[in-house]
Each structure stands twice: as C-alpha cells, then as structure tokens.
Amino acid sequence: MTRILLGLLFLHLLPAVQSAQAQDTEPRRWTHLPVGTHVVGAVLGAGRGDIFLDPALEIEDADFETWTVGASFVHSFGFLGRTARFDVVVPYTLGRWEGILSGQPASTRRHGFADPTFRLSWLLVGGDALTPGEFAARPRSNTVVGAGIMVRPPLGEYYGERLINLGTNRWTVRPQLGVTHVRNAWTYELTGSVFLYSDNDDLAGQTLEWDPLWAIQGHLIRSFGKGRWASLSSAWGAGADVRIDGVDRPQATENWLIALAYGMPLGPRHSVKFAWVRGQTQRNEGSDFDALTVGLTWLLP
C-alpha cells in the first residue's frame, strides 16, 4: 500500500517540483572574463518545499527536503574574436519526500548524483577576447550581449523500478539570450531562455512528455569595490504542460522566484558567495520552496 501511495504522490508532484527547480536566479552569468581563465568551485546547498495538489487526490502535507554538494569548473576562451565560456556543474544530492495520502503517511529518501549541467556561452557584443594583460589595461564596454546553450544529459542516478529518483532520465536543452549593462557601481542584467525536454520513457512504467518551459530573469547588482558585490534577482517561468502516456494533464506550470546574493573575496584567488532563493507557484498546483547556498571558488593560476 505504501508503494502505491508513493507512486500516486510521485506521478503528481514530479512535474510541479521539477519545473520550479529547473529555473534559477544566477546573477553575473554574462560577466566578461579574460581568455584563459580557469575557475573551480564547490557549493553546499539546502532546500525545502511544500507541494500543493488537487484536493481530489487526497494528498495532504506533501513536502520535500534536499541537501546538495556540487563541484563546478569554468573555462574562458576566444572564439571569432569574442569571449566564450564553458561551464560544468556536477551535483550530489540527498533528499527526503513525505506526504499523507488517503490518510496514510508515506515517505522515502534518496542519495546519489543528480544530472550534471554543461553550458556554453558566447559574448556577441562588448565581449572582445582579451588576454589578462589586455583585460587589465583596456577599458571594456558597459553593455554586453551574450547567447548560450545549457545541456543537462540524463546521467544522474535513475532506476526504472523506483518511483522517486534523483536523475530525470531525459535530456534538457536550454537556449539563452542575455544582456548586461553597467552604470557606475550598478549592473543591470536580463536573461531570457526556453527549456526543451526529451521524453522520459521509463517513469514507473509510463512515459512522461513535457512541453517547453519559457523563463525570464532579471538582476540588479551593486558593486562595493574590492571584489564585493550584492544582488537582488527575480525570475518567472511558465509552460511545461505535461502528458503521461499521451494523456494531457491539466497542470500548466507558472513559477515566480526571488533571490538575494552576496559575494566577497577571501584572498587574491579565492572568493565566497552566499545566496537565498524563494520560489512560489502561481497556480493551485505546484511547489513553494526556499533554498540556501554557500559557494567557494578558486581562480587557478
């Protein structure tokens, strides 16, 4: 009975939770870097959320809690005279899911690698490919326009016989277009993107199809000098209608996120960033969540 109830919970909460968590509020993603820059990083994050479902499903008090440890790498290089950047993030997650289904408590836990993220971006305007020496000596454009593509392959832990997994068993491709403008100590940043999904053909014996999720995010960033900065961010996403075994589910996604972040140097080549993110569904069904992260980065020689 517990397995059946967990299956019911999973099939209804998965689209709502994954749509909200797929979005992000990452500031400074279009920062102009000198070519040949290599940065490694580590992040620790904790999040929890509540899941809201149709009362007819008799699912109450559904929630989740996750802890994530991640490693990242950034490499900048020149391409056709412009600065390009390659990013990779590999997360390891521990999670708990709980709910009251038809009056019966049910819960499960998971730990393992989630799907990694690869991203390639290119500064189309205002991002000349500069060596570190040129970067320090030449004035840079106040306005930067960039394009990027994120790919998340299905490499996370996934088992078809399990009802809840850390991996998604699908490809996610996310084209992005962004613009950044600097005025004195303030930076204004806007990014639009669309999430494109392949099918998950092994969802507890069923096939899950997603329509695209459209998203936009904006950032207001204040520099305080000496490598210190703070940001206020907001993001909105809508779409991602779902079909299970070809049957439409009346659950379009609409999420709103707000975030605060603060970064500061710890030394000539080390820095730390603290961030808080709050996500809220704008529909009767969906997920509200809070997440806190601490990230450390090292600039390699």
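Which residue in E6 is the bridge partner of Leu120? In this predicted model, that partner is Ile149. The pair offers a handy way into the strand pairing of the protein, which has 17 strands and two helices.

Leu120 and Ile149 face one another within a pairing of E5, residues 117-125, with strand E6, residues 143-152. These two strands run antiparallel and are joined by seven bridges. E5 is also paired with E3, again in an antiparallel arrangement, this time through six bridges. On that side, Arg119 in E5 stands opposite Asp87. E5 is thus a convenient strand to follow by eye, with bridges to E3 and bridges to E6.

E3, which spans residues 82-101, turns up again at the surface, where it supplies at least two residues of a nonpolar patch, as does strand E2, residues 59-79. The contribution of E3 is the greatest, at three residues. The patch is formed by Leu44, Trp67, Val69, Val90, Tyr92, Leu94 and Phe113, and together these residues have about 640 Å² of accessible area. Leu44 lies in strand E1, which covers residues 38-52. Why does Leu44 count as partly exposed? Its relative accessibility is 44%, and the partly exposed class lies between the 20% and 50% cut-offs.

Away from this patch, there are nonpolar residues that are buried. In soluble globular proteins, nonpolar side chains tend to be buried together. The largest nonpolar core holds 12 residues, namely Met150, Tyr158, Phe195, Tyr197, Leu203, Leu208, Trp210, Leu213, Ala215, Ala240, Val242 and Ile244. Two or more residues of this core come from each of strands E8 (186-197), E10 (206-210), E11 (213-225) and E13 (242-244). A second core, separate from this one, has 11 residues, among them Ala62, Ile164, Val277 and Phe289.

Ala215, a member of the largest core, is a good residue to look at closely. Leaving aside residues up to four places away in sequence, Ala215 touches Thr191, Gly192, Ser193, Phe195, Trp236 and Gly237. Of these neighbours, Phe195 is also listed in the largest core.

A few totals complete the picture. The protein has 301 residues, and 45% of them count as buried. Among contacts between residues at least 6 apart in sequence, 65% join residues at least 24 apart. The accessible surface comes to about 14700 Å², with 62% of this area belonging to carbon and sulfur atoms.

Terms used:
Residues are numbered from 1 along each chain as its sequence is written. This is a predicted model: local features need pLDDT of at least 70, side-chain atom pairs count only at pLDDT 80 or more; totals for chains, interfaces and linings use all residues. Side-chain values use heavy atoms; hydrogens and water are left out. A nonpolar core is a set of buried Ala, Val, Leu, Ile, Met, Phe, Trp, Tyr and Cys residues joined through side-chain atoms within 4.5 Å. Buried means under 20% relative accessible area, exposed over 50%, partly exposed in between (1.4 Å probe, protein chains only). Helices (H or I, at least four residues) and strands (E, at least two) are DSSP runs, numbered from the N terminus. Contact means heavy atoms within 4.5 Å. Patches are made of residues with over 30% relative accessible area and no salt bridge: like charges are joined within 9 Å, nonpolar side chains (Val, Leu, Ile, Met, Phe, Trp, Tyr) within 5 Å. Accessible areas come from the Shrake-Rupley method with a 1.4 Å probe; for residues, only the protein chains shown count as cover. A salt bridge is a side-chain nitrogen of Lys or Arg within 4 Å of a carboxyl oxygen of Asp or Glu. Two strands pair if DSSP finds at least two bridges between them.
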